[in-house]
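Here is a short tour of the assembly in front of you. Have the viewer ready, and let us go through it one feature at a time.

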There are 4 protein chains.
Amino acid sequence: MLIILKESATDAQIDHVVERVEGLGLATHLSRGTYRTVIGVIGDEDKLQAIGPEAIPGVAKVVPVMPAYKLASREAHPQPTIVEVGSGKAVTKVGGGHLGMIAGPCAIESAERLDEIAGEIKKAGANILRGGAYKPRTSPYAFQGLGEEGLKILREIGDKHGLPVVTEAIDPRHVELIAEYTDMIQLGARNMQNFVLLTEVGKTHKPVLMKRGMAATVKDLLMSAEYVIANGTTDVVLCERGVKGFDNACRNMLDVAAVPQVHQMSHLPIIVDPSHATGRPELIPACALAGLAAGADGIHIEVHNCPEEAMSDGPQALLPNQYAELMEQLKKVALAIGKTI
Amino acid sequence: MLIILKESATDAQIDHVVERVEGLGLATHLSRGTYRTVIGVIGDEDKLQAIGPEAIPGVAKVVPVMPAYKLASREAHPQPTIVEVGSGKAVTKVGGGHLGMIAGPCAIESAERLDEIAGEIKKAGANILRGGAYKPRTSPYAFQGLGEEGLKILREIGDKHGLPVVTEAIDPRHVELIAEYTDMIQLGARNMQNFVLLTEVGKTHKPVLMKRGMAATVKDLLMSAEYVIANGTTDVVLCERGVKGFDNACRNMLDVAAVPQVHQMSHLPIIVDPSHATGRPELIPACALAGLAAGADGIHIEVHNCPEEAMSDGPQALLPNQYAELMEQLKKVALAIGKTI
Amino acid sequence: MLIILKESATDAQIDHVVERVEGLGLATHLSRGTYRTVIGVIGDEDKLQAIGPEAIPGVAKVVPVMPAYKLASREAHPQPTIVEVGSGKAVTKVGGGHLGMIAGPCAIESAERLDEIAGEIKKAGANILRGGAYKPRTSPYAFQGLGEEGLKILREIGDKHGLPVVTEAIDPRHVELIAEYTDMIQLGARNMQNFVLLTEVGKTHKPVLMKRGMAATVKDLLMSAEYVIANGTTDVVLCERGVKGFDNACRNMLDVAAVPQVHQMSHLPIIVDPSHATGRPELIPACALAGLAAGADGIHIEVHNCPEEAMSDGPQALLPNQYAELMEQLKKVALAIGKTI
Amino acid sequence: MLIILKESATDAQIDHVVERVEGLGLATHLSRGTYRTVIGVIGDEDKLQAIGPEAIPGVAKVVPVMPAYKLASREAHPQPTIVEVGSGKAVTKVGGGHLGMIAGPCAIESAERLDEIAGEIKKAGANILRGGAYKPRTSPYAFQGLGEEGLKILREIGDKHGLPVVTEAIDPRHVELIAEYTDMIQLGARNMQNFVLLTEVGKTHKPVLMKRGMAATVKDLLMSAEYVIANGTTDVVLCERGVKGFDNACRNMLDVAAVPQVHQMSHLPIIVDPSHATGRPELIPACALAGLAAGADGIHIEVHNCPEEAMSDGPQALLPNQYAELMEQLKKVALAIGKTI
């Protein structure tokens, strides 16, 4: 860590900063420039970060040198993490060249409907089934999900089709229940910094699908992954699903550069979700192909066999035949970059 | 609600849309333009909104006419809501011309420290004491708050100085406990769309301080207020505390225009928090004055008597004497616009 | 166009709006809903747009139905435009399945250096050579380009290697000169709404490479293309090169969804520039592949054989061997989606 | 400037960096930390900035210590600049406690209309008259301004009412002409980085009103001011007029914190333009008051006596009586903060 002092910093202030830093068991290295003095900190900079050195009088700016996300960092773990989702015959690997193709409806509406959709996506090549049992809805008057009944349906249909299943947790009090029924727990974009929930989910030791928050930087995303890992689960699959931008023609803006950034900064796999990123079915195929070509470790797509009757997010779902067609294109691009769906 | 059809919409599709709408007990009014057909919907448009009409084949775009936040809307409640925080002798009104001047440290660290700070801010004119007992920290390694011990300290010090108290809830399992100890419950920016938490907080019937999420539009903020109100508490004070912008010189970007927007769209009071909006003490006074002049129903400031030793967010806190000086300026501007601190 | 009236609109105001609209030779269609009255406008809505109907008393909101960019719209011109850049033996087609692979240094520094770079990129498969003779620099103290001398070098080297050439215009007084020396004129991101420059460039009837502004929506980009087309040149190639986002880890945020959006809204080709979008060489390959997979009609890359000595933007340039390696990957992905580089 | 090396940097690379830096006549100071080596650069860091040290092999990151805008910086010029606009009896000072109250229509439409508006705003307390003769319009089909005829009208009406006048330049070829007719030249938001135009305007030695670009940081704004100053005019008044945000309820987002930031970083005055920042007349008064309370050196408001008939931006104009009412409020707030309108 580098501590850059104010031009106006007095010698007494500089001495005080050095004293504070050395008091934490760290060494310092003073460098006086033409305009500014800089203190280089040698040793474990976390100790210093914890006390917020920006507040020490005379300090102008602090430049961290090491990432604050340690367990999630590539430096800590040079090999890519391969997350295994599911058990028995239905195991899907994500990361390190393995592609997780997640698909399914926004919300679980009934066993019949989910069964039909699961059959279609399985045939098209999906290898993880998604479906929401607890829905975070912006309106208190909207459909909130089937709850435990939905979890049962999801488990049953997943098993029937040999697909591991993932569903979103939104309440720390339901996390254990969800862990019983599913193979992977999703942390939604609106809960990426719900640290209470992150902690509970981490404790289950289940694989996690962590969606990037709409106002989160890539570094914020890795800090949230750090939360989960620090609580027990290293099996975290990150998901780029669009962030807030100024062009409201799309629901969000897909930040495709997050894919190579995560691969550079972290060992965790990252997949792309063009359904939430765009909110517009006609843009989903191009964005799915872009994500895969950028090196994503999987693609997450919402599929519904009757969007008009969907109880949540129908307007952004692909039809099963549209999904199958997209999967054919994805398979070709995967081959072109040396991967297999 | 207006349903604009695609240029390519067939007569059969148009008929189907009309059928779907009328099937919900609503009336329609068809208007064929040179290029597009538009269906005006007459009746309670919530019924239609609930089914997501964008997914019906042939529909290009849906234009809502009424706000989706009903209970929070100015139309539903033309008079400004005045929220009363506290009880007995220590009651502070916020809204309708009354100013809530909230101040205190980011985190409650000890009874002694909070006592000193509370004495200083009370003297300067603050009328609500804040302090965090449960802290949402982006790093799992950072100080997480004193928990119930902190709540006890907050209650004790608030009572000693005759100041109602507010603290943040981050876990639905702690909400009842927090409601016992405090006069107002804060919902933080990162939890503005934590609907599980919103629901629990709403059920306590305590006044709520709801901070705007970093990626939330003003409409999103009102939708979250709607959640709380629909669960039981109308006493919601909104708080503009900066949103994500592209200029990282500040932590966030204070959206001061949110103040007149909320006053136009809703009956709820809105205060401004320049501490979190800027993250830089030297910018806080100007932004506090701006918020007040824009019509805010109060100002929220973090104050600490030794920022260097603060266990959270020290670098952005004002010193007690800086706060007192700012309050003198705020009092003058308040008078100029016909209000009193 | 739909004109939605305020709830408070009086009958006299409604009559006045109808009068204004019909006074422009347009027909109206009145629809009274439960809460709001809507006036549908039948006829050429440009006439109405020109007068700014939002300002007429009683009007709440105006919803346009037709795009304001007419000449650039897909509706006006269903077939994709194929832009031909260059003449004689060195002609490159862009659009309609043809890929424009533009590469070269940020600034033209000398004939020798450009010659070396041009040889390398040509060998790797590039088909248009870029190089700046007039540089828009954010600092008045930075290298501003070689001017006409640079244009001569660019022409000479382009001819030597059989590559059509493109360079940026920043001054309306130089546009004619640039048109003499080059095959395509670039309008930079900072000048996307420099309407004076757009007009002059349009008049030359040369093909145009129009970069999206950092704060421009896709619609804004098409409106700027409309400016050029309305002044004489239909041969406009658009370029997505990143927009402002809140995550400053990258210089800009590549909006890859702009590619399918432009293809849906317009007949103009659109290419992707990952060099300016990311500003970080290690992210460029993934973003180039993403752009191509999303359907872009070409890729624009800055290449320099000694970035350390580059007089502008060296830190973001690829080395010739890195470019060649990327081109091999791009060729495979192009084949996978049915195109050829 | 601090140069932070990559963890992987070899000794040979470190030596090479030191050599490059010292070759520019600068001194270096090496600091080897636990994880990273840092080179402190002592001397005029511009020389180093000019060569783009990020591109030197082994360099991870460069941290500038001094601002790149020298002439515009507060460090270079500790006293606030007071810009004098106009001559003879009609001189308005802006900055250093003096408030520039700029008002007028978006476009000059006729002498009669401008005369009426000028009379009204003068009576209300405005001290600079604005009006556009050359309009940068996003549509090629919209009214483009009266040109030189408009300049004549502006001069005549300004003189009649004793108001200095300001108008926007959009074409470098018109700058001299505009300088003849007006007292201050405006550089619009879309042209803030039109460096050709900045250069021409700087050469006239006329006072400049420089609007912040929609995607410009405060630092970018100061860099553009540097351009103008480096070309001859120190009399630059900056203007915050809203930047791009994700909440499209307003045209832009007023960044009120830019006011204290500019005052801290620079000696130049900064005014606030709530008309363009919000685009909604009902939000303008609150935002004008906020800007003034934040310390702005003036307020810029668009006023029109018949918005419905305005040829440009009518929907966002205040009526003269609304402006007069706002000015009464502004006068009270100005007094409260020790200033006078």
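## Helix α5 and a negative patch

In this predicted model, helix α5 of chain A contains A:E180. This glutamate, A:E180, is part of a negative surface patch, together with A:E148, A:E149 and A:E176.

Which helices supply the patch? In chain A, α4 (148–161) and α5 (175–181) each bring at least two residues to the negative patch.

## Chains B and C

Now to the way the copies are arranged. Chain B falls on chain C after a rotation of 180°, with 0.0 Å of shift along the axis and an RMSD of 0.0 Å. The two copies are therefore related as by a two-fold rotation axis.

If you would like a landmark for this axis, look at B:F246: among the residues of chain B, its C-alpha comes closest, at 2.1 Å. Of the interface residues of chain B, 100% are interface residues in chain C as well, so these copies meet through the same surface.

## Chains C and D

For the next pair, a rotation of 180° superposes chain C on chain D, with 0.0 Å of shift along its axis and an RMSD of 0.0 Å. Here the landmark in chain C is C:A215, whose C-alpha is the nearest to the axis at 2.6 Å.

How much of the contact surface recurs? In chain D, 98% of the contact residues of chain C are found again, and the same surface serves both copies.

Terms used
Residues are numbered from 1 along each chain as its sequence is written. Chains are lettered from A and ligands numbered from 1 in the order in which they are written. This is a predicted model: local features need pLDDT of at least 70, side-chain atom pairs count only at pLDDT 80 or more; totals for chains, interfaces and linings use all residues. Side-chain values use heavy atoms; hydrogens and water are left out. Copies are superposed by least squares on the C-alpha atoms of residues with pLDDT of at least 70 in both. Contact means heavy atoms within 4.5 Å. Patches are made of residues with over 30% relative accessible area and no salt bridge: like charges are joined within 9 Å, nonpolar side chains (Val, Leu, Ile, Met, Phe, Trp, Tyr) within 5 Å. Accessible areas come from the Shrake-Rupley method with a 1.4 Å probe; for residues, only the protein chains shown count as cover. A salt bridge is a side-chain nitrogen of Lys or Arg within 4 Å of a carboxyl oxygen of Asp or Glu. Lys and Arg count as positive and Asp and Glu as negative; His and the chain ends are not counted. The place of a charge is taken as NZ of Lys, CZ of Arg, CG of Asp or CD of Glu. Helices (H or I, at least four residues) and strands (E, at least two) are DSSP runs, numbered from the N terminus.
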